[in-house]
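Me: I want to understand the labels people put on a protein model. Can we go through them one at a time?

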Amino acid sequence: MEIKLYDKILLKDKREGVIIEIYKQGEGYEVEFMVDNTGEYPEYETETIKHEDIEKVIN
């Protein structure tokens, strides 16, 4: 599957995130996850993942 910048994805561990950087297509990506949406400003964290961690593209 081809991943594009800003694609919303579902990981195999059931977390949803948005691709914010592609290091190398089919290998590595930087993903942003929303971790808290209860305050005035939502909190996000980023993580580097491998292509095989992705279950599917949501959008």
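Reply: Start with pairing: two strands pair if DSSP finds at least two bridges between them. Keep in mind that this is a predicted model.

Me: What makes E3 and E4 a pair of strands?

Reply: Count the bridges. E3 and E4 are joined by 8 bridges. Pairing needs at least two, so E3 and E4 pair. The two strands run antiparallel. One bridge links Asp-36 to its partner Glu-43 in E4. E3 and E4 also form a hairpin, with 6 residues between them.

Me: Where is Pro-42 found?

Reply: Pro-42 is in the loop between strand E3 (28-36) and strand E4 (43-50).

Me: Why is Pro-42 called partly exposed?

Reply: Its relative accessibility is 33%. Buried means under 20%, and exposed means over 50%. The value for Pro-42 falls in between, so Pro-42 counts as partly exposed.

Me: Which residues does Pro-42 contact, leaving aside its neighbours within four places in sequence?

Reply: Pro-42 is in contact with Met-34, Asp-36 and Asn-37. For Pro-42 and Glu-32, 10 residues apart in sequence, the C-alpha to C-alpha distance is 12 Å.

Me: Why is His-51 called buried?

Reply: His-51 has a relative accessible area of 16%. The cut-off for buried is under 20%, so His-51 is buried. This residue sits in the loop between E4 and strand E5 (54-57). Not counting residues up to four places away in sequence, His-51 touches Met-1, Ile-3, Gly-26, Glu-27 and Tyr-29.

Me: What makes Gly-26 partly exposed?

Reply: Its relative accessibility is 36%. That is neither under 20% nor over 50%, so Gly-26 counts as partly exposed. Gly-26 lies in the loop between strand E2 (16-24) and E3. Gly-26 and Met-1 are 25 residues apart along the chain, and their C-alpha atoms are separated by 8.0 Å.

Me: How do you know that Tyr-6 and Lys-14 are exposed?

Reply: Take each value in turn. Tyr-6 has 56% relative accessibility. Lys-14 has a relative accessible area of 59%. Exposed means over 50%, so Tyr-6 is exposed and Lys-14 is exposed. Tyr-6 is in the segment before E1. Lys-14 is in the loop between E1 and E2. Tyr-6 is not a glycine, yet its phi is positive, about 70 degrees. Lys-14 is also a residue other than glycine, and its phi is near 75 degrees.

Me: Why is the contact of Arg-15 and Asp-13 called a salt bridge?

Reply: Check the distance. The side chains of Arg-15 and Asp-13 meet at 2.9 Å, N to O. The limit is within 4 Å, so this pair is a salt bridge. Side chains of opposite charge can pair when their charged atoms come close.

Me: What makes Glu-16 and Lys-8 a salt bridge?

Reply: Their closest N and O atoms are 3.4 Å apart. That is within 4 Å, so the pair qualifies. Glu-16 is partly exposed, at 44%, and Lys-8 is partly exposed, at 34%.

Me: How many salt bridges does a search of the whole structure find?

Reply: The search finds 4 salt bridges. One of them joins Lys-24 and Glu-27, with the closest N and O atoms 3.5 Å apart. Salt bridges that share partners join Asp-13, Arg-15 and Glu-47 into one network.

Me: How do you know that Arg-15 lies over the face of Phe-33?

Reply: Arg-15 is 4.4 Å from the ring centre of Phe-33. The distance limit is 6 Å, and the charge must also be within 35 degrees of the ring normal. Arg-15 is listed as lying over the face of Phe-33.Me: Which residues make up the largest nonpolar core?

Reply: This core has 9 residues: Ile-3, Ile-9, Leu-11, Ile-19, Tyr-29, Val-31, Phe-33, Ile-49 and Ile-54. Strand E1 (8-11) and E3 each supply at least two of them. E3 gives the most, with 3 residues. Ile-49 touches several core members, including Ile-9, Leu-11, Tyr-29, Val-31 and Ile-54.

Methods
Residues are numbered from 1 along each chain as its sequence is written. This is a predicted model: local features need pLDDT of at least 70, side-chain atom pairs count only at pLDDT 80 or more; totals for chains, interfaces and linings use all residues. Side-chain values use heavy atoms; hydrogens and water are left out. Helices (H or I, at least four residues) and strands (E, at least two) are DSSP runs, numbered from the N terminus. Buried means under 20% relative accessible area, exposed over 50%, partly exposed in between (1.4 Å probe, protein chains only). Contact means heavy atoms within 4.5 Å. A nonpolar core is a set of buried Ala, Val, Leu, Ile, Met, Phe, Trp, Tyr and Cys residues joined through side-chain atoms within 4.5 Å.
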